[in-house]
Every structure is written in structure tokens, then in C-alpha cells.
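Please read the sequence and the structure side by side. The paragraphs after them go from a loop to the core, then to the rings and the strands.

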Amino acid sequence: MFPNQDRTQTPPYYAPSNYQNPMQHARSDTAIPYQYPIGQPYPHNNIFSASVGNTNPYIQGQILPLPEVSIVTTKSGFEKLDAKDGIFIKQKIEPLEIITCCETENKFYIYSLTKQGDKKGKKIFKCKEKSSFCVRCCCSGECRPFKVVISHCDENDESDGEPFLKIERPCACTCLCLNRPEIRITCVENGKDEFLGKVTHPFSWNCSINMSVFDDRSQQKFNIHGNCCQLGLWCRCPCALCQNINFTIRTPDGSELSRLYKRSNGCLKQTIADADQFVLFFPSNCTSQDKALLMCAVLFMDFRYFELNPHESG
């Protein structure tokens with residue numbers, strides 16, 4: 001309390017105008033422990049000190065704001081797919097493959113899709129093949145074994161994010177209707193090892209493309225069909241006419257649900273590199289697990305039909 005100040009005065013207490021501060025003539029290098037300007041209210045329940053040359057926010061009647069804390073929530077892979085009506089799958093062009101003409105491990109990026117079928121926004125997933133050099137250069141698409149890890153894509157694209165799905169294709173010698181190729185899809189997010197389903201490539205007598213998608217209970221969910229009367233299935237020229245191929249996504253009984261397109265990457269890019277891109281529209285009322293299976297089926301189709309080793313392409 002200050003001298004001659006009414007003790008019954010309610011807070012905040014103000015210094016009287018005639019009060020002489022005993023520390024106003026203190027040396028400049030001396031700390032002033034409890035100096036406070038005359039005529040300003042004292043803050044309650046705060047112990048403060050100030051030195052000459054330093055500013056104290058309480059002395060100036062200011063209150064420090066609380067630091068902003070940003071909470072980053074990471075969506076799971078199924079949550080990302082659940083919010084999408086379609087995806088754009090783009091294969092990365094490998095400079096080493098262009099220079100050496102040797103097949104390298106494939107990488108794919110997955111984007112969101114506009115209603116017009118164009119990619120939009122940032123990458124949401126990154127798909128990376130894991131296979132040996134001998135397998136890539138010597139085995140055909142019918143028996144070529146591989147593993148593909150689908151990971152969340154980070155901001156700078158310098159490293160793989162957390163794994164989401166794993167695709168495994170064992171080596172199998174296929175002859176007509178015997179020992180047909182298939183892949184198994186496993187969810188490995190957050191340390192899981194949960195079987196999600198499989199995709200098989202059944203034999204077709206009319207040379208059409210067919211892919212059968214099964215869930216974890218071996219019940220067929222979809223059938224991807226491509227008519228054989230399309231130039232892109234027979235001619236490997238880099239022009240758009242020979243690169244654009246249309247597929248339909250059907251129910252097991254043949255009812256059409258949605259569409260899948262293989263798009264040209266441009267004549268020049270397609271000439272120097274074998275990099276494919278696909279546009280996948282998900283069927284309506286499709287679960288996130290079904291969308292994951294269809295995404296893996298498109299990757300399997302690319303490995304099966306559109307990835308050629310040097311012997312096949314030459």
C-alpha cells in the first residue's frame with residue numbers, strides 16, 4: 001500500500017499522483033525489482049521484475065497471448081479413399097530406364113480426380129515396385145513375380161510415408177487356363193497384416209481383358225472387362241489412338257457400374273518412355289475396401305498387359 005492511501009479501496013490499487021518513487025534515481029545498471037508506473041493498475045497474482053532497457057508486457061498493460069497450437073490429424077488410407085469418387089494413377093518416368101533401356105522398378109503416383117477425368121491436387125499415395133533385375137528383364141507379364149508397397153505420400157516426396165497396402169504376386173508358370181495369375185492385397189497400415197482380398201486374371205477364349213476382384217471372403221465383387229476390338233491392345237505405337245483403351249467395371253452378373261480408362265501420356269513422352277496413366281471412376285455406393293481393391297487391380301493390369309521387358313518390346 002502507498003502512504004495516505006485508503007485501505008478500504010477495492011482493487012485495482014492506483015499509485016497516488018503525489019507519490020515519490022524511491023527508485024527513480026537508481027543507477028542505470030541496477031535492477032529495479034518491483035518498479036511500476038504511477039497511475040497504472042497493478043496486475044493481480046503476478047510477480048514481475050524489470051531492468052532498465054528491458055520492456056515488460058505487464059508494465060505496458062499488455063497480456064501475452066497464448067501460443068497457437070496446430071493439431072495435425074492424419075487420415076488413414078481408407079479414409080482418404082472413402083472421400084474420393086475416383087483416382088488418377090500416373091506412372092513415373094524413369095530417366096535411368098530411358099538411358100540404359102533396362103527395365104527399372106516401377107513407381108506410380110495416385111491423385112484425386114476431377115469430374116472431367118483429370119488429376120487434381122497433390123499426390124495422395126505412392127506405389128513402389130520391389131523386384132529383382134533378372135525378373136524384370138527376363139520374365140514375361142504372365143509369370144513375373146513382384147511386390148508393390150502403396151504408401152502415404154509425404155509433402156516433399158523425398159521419402160516414402162507410412163505403408164498402407166501391400167500387393168504380392170508370386171511367380172507362376174501360366175499356360176492357357178492353367179495356373180492363372182493373381183495378386184493378394186494386404187493392409188499393413190499401423191502395423192497390421194490384414195488380408196483384404198485378391199485379384200485374378202481368368203482365361204478368356206475371345207482375347208478380351210478380364211480381371212476378377214474378390215474380397216477377403218473370396219466372394220467376387222467386380223469384374224473389369226476390356227473389349228479386344230481396340231487398337232491399343234494390338235498396336236504399341238505411341239500415338240493417342242493406340243494408347244487410349246477403355247474398360248468397364250461390372251458386377252459379377254454383367255451389369256455395368258463404372259468406367260476405367262488408360263490414357264495416352266503424350267506421343268513424345270510415350271516414345272521415349274513406357275509410362276502409363278489410368279483414370280478410374282469408382283462405382284457408386286462403393287466401400288473404401290472395394291476402392292482399395294480396384295486400385296490394386298489397375299496396377300495389376302498394368303503389370304500384366306502394359307509392362308514389357310526388353311525382349312518383348314524389341
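In which loop is N285 found? In this predicted model, N285 is in the loop between β12 (277–281) and α6. Its phi is positive, about 55°, although N285 is not a glycine. At 81% relative accessibility, N285 is exposed, because the cut-off for that class is over 50%. S218 makes a comparable case: this residue, also not a glycine, has a positive phi of about 60°. S218 belongs to the loop between β8 and β9 (220–226). Its relative accessible area of 48% makes S218 partly exposed.

The protein as a whole has 7 helices and 12 strands. Of its 314 residues, 43% are buried. Among contacts with a separation of 6 or more, 48% are between residues 24 or more positions apart.

Next comes the interior. In soluble globular proteins, nonpolar side chains tend to be buried together. Here the largest nonpolar core has 47 residues, and the members that touch the most others are I150, L165 and M295. Helix α6 (residues 288–306) gives this core its largest share, 13 residues. Besides that core there is a second, separate one of 5 residues, with F88, Y109, L113 and V279 among them.

What is L165 in contact with, leaving aside its neighbours within four places in sequence? The list holds V148, V149, I150, I185, T186, C187, V188, L196, A292, M295 and C296. Two residues on that list, I150 and M295, were named above with L165 as touching the most other core members.

The aromatic rings come next. The structure holds 8 aromatic pairs. In one of them, F78 and F164 have ring centres 5.1 Å apart and planes at 80°, which makes the pair edge-to-face, because planes over 60 degrees apart fall in that class. F78 is part of helix α1 (residues 77–82) and F164 is part of strand β5 (residues 160–169), so this pair ties together parts 86 residues apart in sequence. Both rings belong to buried residues: F78 has a relative accessible area of 15%, and F164 has 0% relative accessibility. Ring pairs also bring in F125, which forms a cluster with F78 and F164.

F203 and W205 form another edge-to-face pair, with 4.7 Å from centre to centre and 85° between the planes. F203 is partly exposed, at a relative accessible area of 28%, whereas W205 is exposed, at 76% relative accessibility.

Is H201 buried or exposed? H201 lies in the loop between β7 (194–200) and β8 (209–215). Its relative accessibility is 4%, so H201 counts as buried, the limit being under 20%. Leaving aside neighbours within four places in sequence, H201 is in contact with R180, P181, N210, M211, F300, R304 and Y305. With R304 there is a polar contact of 3.2 Å between the side chains. R304 also lies over the face of Y305, 5.0 Å from the ring centre. A further charge over a ring is that of K262, whose charged end sits over F306 at 5.1 Å from the ring centre.

Strand β7 leads to its partner. β6 (residues 182–187) and β7 run antiparallel and are joined by 6 bridges. One residue of this pairing is E182, whose bridge partner in β7 is T200. The hairpin of β6 and β7 has 6 residues between the strands, and N190 in this hairpin takes a positive phi near 55°.

Two places where separate parts of the chain meet remain. K115, in the loop between β2 (107–113) and β3 (119–130), is exposed, with a relative accessible area of 79%. K115 and F281 are 166 residues apart along the chain, and 9.0 Å separates their C-alpha atoms. C137 lies in helix α3 (residues 133–138) and is buried, with a relative accessible area of 15%. From C137 to C102 the C-alpha distance is 7.1 Å, across 35 residues of sequence.

Note on methods: Residues numbered from 1 in each chain as written. Predicted model: local features only at pLDDT ≥ 70, side-chain atom pairs only at ≥ 80, totals over all residues. Heavy atoms only, no water. Core = buried A, V, L, I, M, F, W, Y, C linked by side-chain atoms within 4.5 Å. Buried < 20%, exposed > 50% of the residue type's maximum accessible area, 1.4 Å probe, protein only. Helix = DSSP H or I, 4+ residues; strand = E, 2+ residues; numbered from the N terminus. Contact = heavy atoms within 4.5 Å. Phe/Tyr/Trp six-rings, centres within 6.5 Å; stacked < 30°, edge-to-face > 60°. Lys NZ or Arg CZ within 6 Å of the ring centre and 35° of its normal. Polar contact = N/O pair within 3.5 Å; in protein donor to acceptor, adjacent residues only side chain to side chain. Pairing = 2+ DSSP bridges.
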